[in-house]
Amino acid sequence: MTTTQTTTQTTNERTALDLLTTMTLEQKVAQLIGYWIDRGEEVVAPMAGEMATSSAYEDVTRHGVGHLTRVYGTRPVDPVERARWLWAEQRRLRERSGHGIPALVHEECLTGLAAWRAATFPTPLAWGASFDPEIVERMGALIGESMRSLGVHQGLAPVLDVIRDPRWGRVDECIGEDPYLVGTVGTAYVRGLQSAGVHATLKHFVGYSASRAGRNHAPVSIGPRELADVFLPPFEMAVRDGGAHSVMNSYSDLDGVPAAASRALFTDLLREQWGFDGVVVSDYFAVAFLQLMHGVATSPAEAAALALTAGIDVELPTGDAYLALVDAVREGSLEEAAVDRAVLRVLTQKAELGLLTETFEGHGPDVVDLDPPGHRALARTLAEESVVLLANDGVLPLGSAERAPARVAVVGPNADRAAALMGCYSFVNHVLAHHPDVELGLALPTLAEALRAQLPDSEVVTALGCEVEGEDRSGFAEAAEVVASADVAVVVLGDQAGLFGRGTVGEGNDVESLELPGQQRALVAELRQTGTPLVVVLLTGRPYALAWALDGEDRPNAVLQSFFPGEEGGAAIARLLTGAASPSGRLPVSLPRAAGAQPYGYLHPVLGGPSEVTSVDPTPVRPFGFGLTYTTFARTDLTTPPTCPTDGTIAVEVTVTNTGAREGTDVVQLYARDVAASVVRPVAQLLAYQRVTLAPGASARLAFEVPTARLALTDPAWRRAVEPGTVEVWVGGSCAEREAEGRVELVGPLAPVGPASGRIARCSVSPA
């Protein structure tokens, strides 16, 4: 933190402290709760119906309120009209609450501002597939600009949960299965959002994605070493390197202790060890769940005291439990100092955001464009970068001048359906699904529509074939007829995102099988009998078991994987199919062989993979980092120093050459293996990565500078440190390919990892 930042922080804290001393207990507690003024019958949060509060808005806010919950994101509202209401309401809170403090407004922003008519970007799993933190940071800044223009101050993103089991419904909200990829991409989003003056909220702290059997809210039974080495690093990176201002708890219990009641996590670790000085907010209803779901409290008041003393400053989305804090203090079961600590943090945050001096004159913006051309252009670029080409026998690209197809069949349940492009937390699938009579509010060209625009000289014909879910095969015959009459068929399969049973993936939509839903696999088998070349495009929120499509005897001619690519996803995929753009995405998560092989991650030790001591082969169908292009690359001449201090920086260089006939982008992936250590280590670990675009025949020399802290482990004495010893390093097309190899000896004493330790590798690129 710079001197200026420290001075500003001190000034904000002093302002907050002066205000705190003038407030009544009721006014203080009011700052620790949210109010969801628009909540209706729609289920957009877990157990929202069961948790409905009967308290009237005027009664709850007579002493002020900490947060206004999802003012724009609960139902379709006109942004300008809603902004006028919000500006007027903020003035009312300032004038009538007795202390002049307006509310902080928070919204979901996982794939863009979750509001009607707002731009919808690719889902976070697509961010991971891009391996491009820079574009994610730019996206975060654009999202933040839209939010700030509407008077929104805090965004509930990014999700930094490391994927452990693709059966979990919330996989599409996550960035990947590697903590470094999650950390670098997630931290970039934090920087982008906060550059626009909107506070980012890291979630879900911590271990949420490791729930048993991939079930939502299920217990988490990982050990402290796995917690420290896999799940905590992305959060630490976003706090220390990204300067994140807010953190949200996990719903799950960690070895029997609910996260929302864990002082060890939110006070001892987050604040005292990492130095986090922001605000911790509860996930929706998580405080009440301490009583209702976890059974560690006997009343709302007891649940509130547990959460507050653990370090949860604000209860969201409402004050179901924290409103009881007033009586708890007056009865003597809770010290008022605990309330004061949390209120001071909330007021300091409001001071940082300028809320304590904002007068809200006027009525807000007169004109709002939440989906301007710049947003759409970046959404398309990110979507293009995120699509992973899994297989191609030469049928792609379709659009070269000498073989442009005269007739293209675009079939399947997601071929001509806009909602198929969107993730669970997009406004389209999160909210508009409850309002079928309301227009989408923004242009969402489907893949079929985009292909018509991209191939103006080709006839593009469509057929449904089957729905995403269900057993109905009555559309197979029509689809087969359409495909048989075409030169090539694009078969668009995958998911429908939704919540709590409404859809095939998304929050609460966990699965037992990793086969494609419904009759989609059978549809491909039927269409294969026509003899027409098939290109399968997958629009999904999780990786599915695709051995039949990639390695089977009757596999299609090409397969593209897209993880909910957003509003410009149809156009992006159409450009990739026709060769107007070239695929460059890489798998951010292993492509599973079967549901029974889960949980699986590429960061496994020798005995976590295939071996002679088990008859089960968990080897993924395609490994982490895999992705094809329309050209080929060679990675050669890797160099490393013979030795490096345990507290130093490893210099690794490698040459990458485009050996094909087309321009293309390689994602250069640097991996390592600790040959022998004091605890079991993975067979491969991502150290660094870099995108590089090369013309045919061109070469580039990449110079990586990798802090040795990237190789840190938690040793038998529970010290997080770098040990001396031999480390193998390599570069390849995925974690499983050792194309160019080297090794380095780490020398010197055990090197503890602390706040000053490097967490991010650097790379410079120069012509070779």
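1. A residue counts as buried here when its relative accessible area is under 20%, and as exposed when that value is over 50%, with partly exposed in between. Keep that in mind as you look around, and remember that this is a predicted model. By that yardstick, buried residues make up 63% of the 768 residues in the protein chain.

2. Now step back and take in the whole chain. Its C-alpha atoms fill a box of roughly 75 × 65 × 50 Å along the principal axes. A compact globule with 768 residues would have a radius of gyration near 27 Å, and the protein chain has 26 Å, so the two agree. If you like counting, the chain holds 20 helices and 27 strands. Contacts also reach across the sequence: of those with a separation of 6 or more, 79% are between residues 24 or more positions apart.

3. Have a look at the open sheet next. Seven strands make it up, in the order 1-2-3-4-5-6-9, and the pairing is parallel. Which strands stand at the edges? They are strand 1 (34-35) and strand 9 (279-281); each has a single partner strand, so one side of each is left without a neighbour in the sheet. Further in, you can follow one pair closely: strand 5 (residues 199-205) and strand 6 (residues 246-249) are joined in the parallel sense by three bridges. To find your place there, look for F205, which stands opposite N249 in strand 6.

4. Parallel isn't the whole story, though. Strands of a sheet pair through backbone hydrogen bonds, and they can do this either parallel or antiparallel. For the antiparallel kind, go to strand 18. Strand 16 (residues 633-639) runs antiparallel to strand 18 and is joined to it by five bridges, with T636 standing opposite T655. Strand 21 (residues 699-707) also runs antiparallel to strand 18, this time with nine bridges, and here V654 faces L702.

5. Why is strand 18 described as largely enclosed by the rest of the structure? Seven of the 10 residues in this strand (residues 649-658) are buried, and therefore the description fits.

6. The largest pocket deserves a visit too. About 860 Å³ of space lies inside it. Its lining takes in 40 residues, and R164, E226, D229, V230 and L603 are the ones nearest the centre. Sorted by character, the lining residues come out as 20 nonpolar, eight polar and 12 charged. Where do they sit in the fold? Helix 7 (179-195), helix 8 (224-240) and strand 20 (685-694) each supply at least two of them. Helix 8 gives the largest share, seven residues.

7. Two single residues make good practice for the burial cut-offs. Start with E385, which is found in helix 14 (residues 373-386). Is E385 buried or exposed? Its relative accessibility is 14%, so E385 counts as buried. Leaving out residues up to four places away in sequence, E385 touches A129, S130, D132, I135, S584, G585 and R691.

8. Then try S485, in the loop between helix 17 (476-484) and strand 13 (488-494). S485 has 40% relative accessibility, so this residue counts as partly exposed. For a sense of scale, pick out Q454 as well: S485 and Q454 are 31 residues apart along the chain, and 20 Å separates their C-alpha atoms.

Key: Residues numbered from 1 in each chain as written. Predicted model: local features only at pLDDT ≥ 70, side-chain atom pairs only at ≥ 80, totals over all residues. Heavy atoms only, no water. 1 Å grid on protein atoms, 1.4 Å probe; cavity = no way out; pocket = protein on both sides within 12 Å on 5 of 7 lines; lining within 4 Å. Points joined across faces, edges and corners; volume = space filled by probe spheres on them. Helix = DSSP H or I, 4+ residues; strand = E, 2+ residues; numbered from the N terminus. Nonpolar A, V, L, I, M, F, W, Y, C, P; charged D, E, K, R; others polar. Buried < 20%, exposed > 50% of the residue type's maximum accessible area, 1.4 Å probe, protein only. Pairing = 2+ DSSP bridges. Rg over C-alpha atoms; globule rule 2.2 N^0.38 Å. Contact = heavy atoms within 4.5 Å.
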